[in-house]
Amino acid sequence: MTDQHVTFVRRGGPPDAPEPEPSSAYIPEWFRTLNQSIDSLPIPVDKTAKLCMPLNDAMRLGWMLRAPATITLRKRDGAVEVCVDGDGKDASTDDDDGDGHTLDADDLVTTFDVDQPDTDRNSAFLRPDCTISTPWAIDTPTGYSTLITQPLNRDEMRFTVSGMLAETDTYDGPIRVPIHLEAETVTIEAGDPIAQVIPVDRRDLALSTAAAPFSADLDLRKAHIRCSEASTRRKDVYRKDAWVPKHTPRIVSDPGEADSPASGEASRDGGERAQEDDGDEDPSLNYYCFDERYDALPNPSSATEFVPEGYEDALRKIDGLDADQPTTDWMLAAMSIGTIVPLPERLTVRRTAGGAGRGRGRGRESGRNSTLELESPGEADRHHSQNPLKMGDDHPLAPVTLLNVNSEWVIDPPENYSVLICSPFNHCQRYYRAYAGLGDFDRYPTTANTPGLFTGRADERTFPAEMPVSQHVPLNRDRILHTATIVDDGERADESGGDGDSGDENESERESENDDDDDGDESVIDRE
């Protein structure tokens, strides 16, 4: 049987370019130091984002590609100027990195002459301004592609990585990371993570999307009601009763240590789950709502339907974008996987001076220190502002203007599937940007609640009904790869660094965070 692991292969580039690392090695400091709970929260039993397991799991998926050198990008007169290692010169100038190696900015960064769309929509579909070249090719097992995306939940506001789905089981060239500049001047330090890479089995991405009223599955309706009722009594229902611990991605020096994803899921009872083929001949990612609301709600739909007309042509007209890799094809592929869940109704969001909102739809979480007030024609607490303290005072955007956008659609994936919920790839959300979460919805049938950031680009926005809110990507937990090796020019990497096992140094801390004082005294995950 083929070893089910990822191989990062160095192909050119600076000889001392930083190697890929597990995503868990780059958990932001504000999150590491965030308390589990804050006494001053309006509802004392509420916890902070530290105990949001879907957010945690999304942050730790896969590995990070890192900047090969210190690069400064500057917008000037409609063009992008490039400086490497702070030399203050333009992209045509070589620079020495201090170790005797010559760095050519043209080899590291390719800039484009791009006409950005003139739009005020939340989904702006902005084009890449440049690509950053990494020396790393990604070799995945047959049938696996690699999702390349903005590092999830890091709140990087200076630039946006264009999402790509690369067929890394056949493509063997080094990866170039396309980015759109948000700030006039951006300096990326050598070794900074620039893209999160998540290998995915294409069988997972082949799931179709279906929407139906609860009358089509009464058992699911009962399970959803039990979950909703239990979560009003206990805030840890998902964490204690439904959440499935995930393997922490790691890097090993010996490919023999590279486990198959079927070699043992980190299950609650310590046992192993054997990988099996999907039981359904045609499994689908299903969504259900209450019958009386079915005809009124915009349906979750295949993400392909939300790729705007003319977008592909605009990308293909960018001179040089596809010169070294099929960037356009990969970007379109990422935009087309899974499902888009739209906003069910018009929603107006206003930034306040800091007090609780007083408008209709203010929501149950407004409370002291809320910075948003909401107005919509629907139920008052469907969408709600989150207390900024849930992200802590050390967050770089503190006080964080958190906005929960809730759908009425209950997610129902096949058994053993989690769902990655994230900002829609390449929509370049401008005013509301969804946070990412990896939810075990097969064990916890609940609505597609999507917390996000109300960005600083406006103090008031009205979002129209059917606006794309989030993209849902189903992932079979037994097929998530969690082991990688690094080789140089096809040869085994130097093993002088010991056993070469690089993982999550805070894994024991993460496990202890799941053991708070609340006891899981009831089960809500069974449908029967």
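What follows walks through the overall make-up of this predicted model and then looks at one helix and one sheet.

Taken as a whole, the protein chain carries 10 helices alongside 34 strands. Of its 528 residues, 59% count as buried. The contacts reach well along the sequence: take those between residues at least 6 apart, and 76% of them join residues at least 24 apart. As for the outside, the protein chain exposes about 21,700 Å², with carbon and sulfur atoms supplying 42% of that area.

Helix 2, spanning residues 53–60, is a good place to zoom in. Eight of its eight residues are buried, so the helix is largely enclosed by the rest of the structure. The set runs from Met-53, Pro-54, Leu-55 and Asn-56 through to Asp-57, Ala-58, Met-59 and Arg-60; charged side chains are thus part of the list, with Asp-57 and Arg-60 both buried. Just past the end of helix 2 comes Gly-62, which takes a positive phi of about 65°.

Next, the sheet. Three strands line up in the order 5-4-15 to give an open sheet, and the pairing is antiparallel. Strand 5 (79–84) and strand 15 (185–188) sit at the edges with a single partner strand each, so one side of each has no neighbour in the sheet. From one strand to the next, the twist averages 15°. Strand 4, made up of residues 71–76, pairs with strand 15 over four bridges in the antiparallel sense. Looking at that pairing residue by residue, Thr-72 has Thr-187 of strand 15 as its bridge partner.

Definitions and conventions:
Residues are numbered from 1 along each chain as its sequence is written. This is a predicted model: local features need pLDDT of at least 70, side-chain atom pairs count only at pLDDT 80 or more; totals for chains, interfaces and linings use all residues. Side-chain values use heavy atoms; hydrogens and water are left out. Helices (H or I, at least four residues) and strands (E, at least two) are DSSP runs, numbered from the N terminus. Buried means under 20% relative accessible area, exposed over 50%, partly exposed in between (1.4 Å probe, protein chains only). Contact means heavy atoms within 4.5 Å. Accessible areas come from the Shrake-Rupley method with a 1.4 Å probe; for residues, only the protein chains shown count as cover. Two strands pair if DSSP finds at least two bridges between them. Axes are lines fitted to C-alpha atoms, for helices over the stretch in contact, and angles run from 0 to 180 degrees between N-to-C directions.
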